[in-house]
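Me: I am new to this one and would like a close look at a single part. Please begin there and work outward.

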Amino acid sequence: MKTIILFLCLSAFYYQSSLAQTKQQIEGAWLFEEGDIHHTLVFVDSYLSYSTFDIKNKKFINTWGGPYKIQADKLLISIEFNAMDSSDVRSEHAFDIKLIDNKLLTKIGNKEQAWKKTDDNNNPLSGVWRITARKVEEKMNEMPLRDRR
C-alpha cells in the first residue's frame with residue numbers, strides 16, 4: 001500500500017512539474033506566417049494575446065485573448081477580448097498544443113500551425129502592464145481598475 005501511495009505522489013509531482021515546465025517553455029512571443037498574413041501569440045504571466053496582421057497591405061485583421069491554462073496537451077483560454085467578435089467575450093476555448101524541438105504546434109480552429117519563438121520574455125520590461133493614469137491638459141487623472149468590456 002505504501003508503494004502505491006508513493007507511486008501516486010511521485011506521479012502527481014512529475015505531472016505538475018511537467019506542466020510547469022511546459023508553461024515556462026511556452027512563455028514569450030511566437031510567430032506563424034501564412035503568406036502575407038502574420039499571426040502572433042504572446043504568452044506572459046498566464047495571459048495570452050493572439051493578433052493577426054496583413055503585412056503586405058499593412059492592415060490589422062484581429063486580436064483576441066485572455067487568461068490561459070495548460071492541461072495535458074490542451075491550451076485553455078478564457079476570452080476577455082475579441083476585436084472582431086464581441087459575442088466571443090466571456091467564452092472558453094480549448095486548443096490542441098504541443099512543444100516539439102522548440103516549435104509550438106497548435107490547432108486553432110480547423111488549422112494546424114507550427115509557430116517559431118521570437119522572444120522568450122527574458123528582459124526587465126516583460127510582464128503584463130496596466131495603464132494607471134491619463135493626462136488631460138496638465139492634470140493626471142487616475143484610471144481605477146475596472147471592467148472595460
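In which sense do strand 1 and strand 2 pair, and over how many bridges?

Reply: Strand 1 and strand 2 pair in the antiparallel sense, over 7 bridges. Pairing here takes at least two DSSP bridges between two strands. The model is predicted, so local features need pLDDT of at least 70 and side-chain atom pairs pLDDT 80 or more, while totals for chains, interfaces and linings use all residues. Residues are numbered from 1 along each chain as its sequence is written, and side-chain values use heavy atoms, without hydrogens and water.

Start at the turn. The hairpin of strand 1 and strand 2 has 2 residues between the strands. Gly35 takes a positive phi there, near 65°. Glu33 has His38 of strand 2 as its bridge partner.

Strand 1 has another neighbor. It runs antiparallel to strand 9 (residues 111-119), and 3 bridges join the two. One pair can be named: Leu31 has Lys116 in strand 9 as its bridge partner. Strand 1 is also mostly covered, with 5 of its 7 residues buried. Buried means under 20% relative accessible area, exposed means over 50%, and partly exposed lies in between (1.4 Å probe, protein chains only).

Now the other side of the hairpin. Phe43 is found in strand 2. Phe43 has a relative accessible area of 0%, so it counts as buried. The C-alpha atom of Phe43 is 6.8 Å from that of Ile26, though the two are 17 residues apart along the chain.

Phe43 also leads to the largest nonpolar core, which has 18 residues. Such a core is a set of buried Ala, Val, Leu, Ile, Met, Phe, Trp, Tyr and Cys residues joined through side-chain atoms within 4.5 Å. Phe43 and Leu48 touch the most other members. Strand 1 (28-34) and strand 2 (37-44) are among the elements that give two or more residues to this core. Strand 3 (47-54), strand 4 (59-71), strand 5 (74-78), strand 7 (92-100) and strand 8 (103-108) also do so. Strand 4 supplies the largest share, 3 residues.

Strand 3 brings in Thr52. At 7% relative accessible area, Thr52 is buried. Setting aside residues up to four places away in sequence, Thr52 touches Ile37, His38, His39, Phe60, Ile61 and Asn62. A contact means heavy atoms within 4.5 Å. His38 is the residue already met as the partner of Glu33.

Phe60 appears again at the surface. Together with Phe53 and Ile55 it forms a nonpolar patch, with about 270 Å² of accessible area in total. Patch members have over 30% relative accessible area and no salt bridge; nonpolar side chains (Val, Leu, Ile, Met, Phe, Trp, Tyr) are joined within 5 Å, like charges within 9 Å. The areas come from the Shrake-Rupley method with a 1.4 Å probe, and for residues only the protein chains shown count as cover. Ile55 sits in the loop between strand 3 and strand 4. It counts as partly exposed because its relative accessibility is 43%.

Next, the charged pairs. The structure holds 2 salt bridges. Each puts a side-chain nitrogen of Lys or Arg within 4 Å of a carboxyl oxygen of Asp or Glu. In one, Lys74 meets Asp96, with the closest N and O atoms 2.3 Å apart. Lys74 lies in strand 5 and Asp96 in strand 7, so this pair ties together parts 22 residues apart in sequence. Lys74 is partly exposed at 33%, and Asp96 is partly exposed at 34%.

The other salt bridge joins Glu138 and Lys135, at 3.9 Å from N to O. Glu138 is exposed at 73% relative accessibility. Lys135 is exposed too, at 51%. This takes us to a second hairpin. Strand 10 (residues 133-136) and strand 11 (residues 139-142) pair in the antiparallel sense over 4 bridges. Val136 stands opposite Lys139 in strand 11. This hairpin has 2 residues between its strands, and Glu137 takes a positive phi near 55°.

Last, the whole chain. It has 1 helix and 11 strands, which are DSSP runs numbered from the N terminus (helices H or I, at least four residues; strands E, at least two). The helix comes at the start of the order, α-β-β-β-β-β-β-β-β-β-β-β. Of the 149 residues, 28% count as buried. The chain exposes about 11,000 Å², with 55% supplied by carbon and sulfur atoms.
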